[in-house]
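Please open the structure in your viewer and keep the sequence panel beside it. The tour below goes from one selection to the next and says what is to be found at each stop.

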Amino acid sequence: MNWCVIVLALLLSTQKSWSYPSARFEEANSFEKYLEKARTVLDRVPLIDGHNDFPYSLRRYENNQVGDLDINDLTTSEPWASSSSSQTDINRLRQGKVGAQFWSAYVPCSTQYKDAILKTWEQIDVIHRMVDANPTAFEFVTSAQEIEDAFSRGKIGSLVGVEGGHSIGSSLAVLRMMYDMGVRYMTLTHSCPTPWGDNSQLDDPGNVPIHDGLTPFGKNVIAEMNRLGMLIDLSHVSRKTMRDALETSAAPVIFSHSSAYALCNNTRNVPDDILQLVAQNGGVVMVNFFVSYISCGLTATVQQVADHIEHIRNVAGADHVGIGSDFNGVARTPEGLKDVSEYPNLFAELLARGWAETDLEKVAGLNLLRVFRGAEAVRDQMAADGGKPFDEWIPQADLPAESLPCSTGQIKSVTTE
Ligand SMILES: [Zn+2]
């Protein structure tokens, strides 16, 4: 009797020790299948990423002198190879199946009231030059239709987003000219308030709002963006600015690179009540991969990024979530999403969780395309209604004293001869 039990126990324990590797093998095998399926989804619809800071890397590492720079493979050349925030090159974009990219024209808040406009212009220029120098990989695009057309030609549609309202110097004229240079979204603030809108850090404990959201001029900025068909990006802004913009905008809005506040309580993320408003507005929240916004810690995993996507789906719906990696803007990326080559891992993870392929297509790019078309339709309607450019100037009283030394003010009185 006793030996019988011992033999049985031995048998069971042997079986158990066999079952582990085989389960792991099966798991790996099925993940490989999900990965394959994920790749076919990304062959069908363009993966449109809302935010990549590669152009700022061109400034940091190359001083924008990129005439002879080969960006096909940046994994071996310095200073790129040893940089912890070098997560993009053409080869890896191809591996990651990126279909279109909003390249960020970002300049720091330290340029506000100084040379922000000039430096933003330089960033828009370097994006144009990067695209022109790599015509087999990139195509400069400015509309939803052009994203789809470029994708059908096997090109990565390349768009420009200006990251921070400080880049327009409180001038609607500059905003309009930036649109003419191809800019298709503007993030209303970066990490500083503008004279017309509050940024997210003002919601951090101990800070107080400056404008309580958007000023009347800030609402004019929204109206002019609607008239132009430029997407309003609410990443980086305060909650009240989010609410004011959602209330003011006639067009659906985007969060180009923000995650879910309920899972990581950083003010760069979007709280649930705002997620519900985004659903009503028809907009899209494009999930940021930066570990500080995913886990609120020093590391994160691709599974945790999938948790953020699922949370936004659960609160706002699958029509209102997308991808905005923030690659090249951050030093720490999640395990399984280390650079632009690894997007398929995220889609495979969602497939493994039972996501329908039709919903994955929305997350990949169809949601952004719908939002973009919505903004274009508002533009067309405003034009049909005889809408004219808003030519209000920001009230002098709204400009802080620190902005004055660099301004010549209204120059009407200066003679021209
Ligand atoms: Zn950012």
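Which residues does Asn 199 touch, not counting residues up to four places away in sequence? Select Asn 199 in this predicted model, and then add Thr 189, His 190, Ser 191, Cys 192, Pro 193, His 236, Val 237 and Ser 238, which are the residues that Asn 199 touches once those up to four places away in sequence are left out. Asn 199 sits in the loop between β5 and α7, and because 27 C-beta neighbours lie inside 10 Å, Asn 199 counts as buried. If you draw a distance from the C-alpha atom of Asn 199 to that of Gln 123, which is 76 residues away along the chain, the viewer should give a separation of 22 Å.

**Strand β5 and its neighbours**

Select next strand β5, residues 183–187, where 5 of the 5 residues are buried, so that the strand is largely enclosed by the rest of the structure. Add strand β4, residues 156–163, which runs parallel to β5 and is joined to it by 4 bridges; one pair to display is Glu 163 with its bridge partner Thr 187 in β5. Between these strands the chain passes through helix α6, residues 172–180, and this β-α-β crossover from β4 to β5 is right-handed.

Now bring in strand β6, residues 231–233, which pairs with β5 in the parallel sense over 3 bridges. Here the pair to display is Tyr 185 with Leu 231, its bridge partner in β6. Together with helix α7, residues 216–228, the strands β5 and β6 make a right-handed β-α-β unit.

While the loop between β5 and α7 is in view, pick Asp 212, which is also found there. Asp 212 has a positive phi of about 60° although it is not a glycine, and with 13 C-beta neighbours inside 10 Å it counts as partly exposed.

**The buried side of helix α5**

Move to helix α5, residues 144–152, and show the side chains of Ala 144, Ile 147, Ala 150 and Phe 151, which are buried. These residues cover an arc of only 125° around the axis, and therefore they lie on the same side of α5. An α-helix has 3.6 residues a turn, so residues three or four places apart point the same way. To see what covers the buried residues of α5, select elements including β1 (47–52), β2 (98–105), β3 (138–140), β4 and α13 (357–384). Just after α5, stop at Gly 154, which takes a positive phi of about 75°.

**Two helices that cross**

Select helix α11, residues 302–316, with helix α12, residues 343–352; their axes come within 9 Å and cross at roughly 65°, and the crossing in which α11 passes α12 is right-handed. For the residues that meet, display Val 302, Gln 303, Val 305, Ala 306 and Ile 309 in α11 against Asn 345, Leu 346, Glu 349 and Leu 350 in α12.

**Two backbone details**

Most residues other than glycine have a negative phi, and most peptide bonds are trans. With that in mind, select Glu 78 and Pro 79, between which the peptide bond is cis, with omega near 5°; Pro 79 lies in the loop between α2 (54–62) and α3 (90–95). Finish at Lys 97, which is in the loop between α3 and β2 and has a positive phi of about 65° although it is not a glycine. Lys 97 counts as buried, because 21 C-beta neighbours lie inside 10 Å.

Definitions and conventions:
Residues numbered from 1 in each chain as written. Predicted model: local features only at pLDDT ≥ 70, side-chain atom pairs only at ≥ 80, totals over all residues. Buried ≥ 20, exposed ≤ 12 C-beta atoms within 10 Å, placed from the backbone. Helix = DSSP H or I, 4+ residues; strand = E, 2+ residues; numbered from the N terminus. Pairing = 2+ DSSP bridges. Right-handed = clockwise from strand over helix to strand, strands pointing away. Contact = placed C-beta atoms within 7 Å. Arc of directions from axis to C-beta. Axes fitted to C-alpha atoms, helices over the stretch in contact; angles between N-to-C directions. Left-handed = near helix turned anticlockwise from the far one by under 90°.
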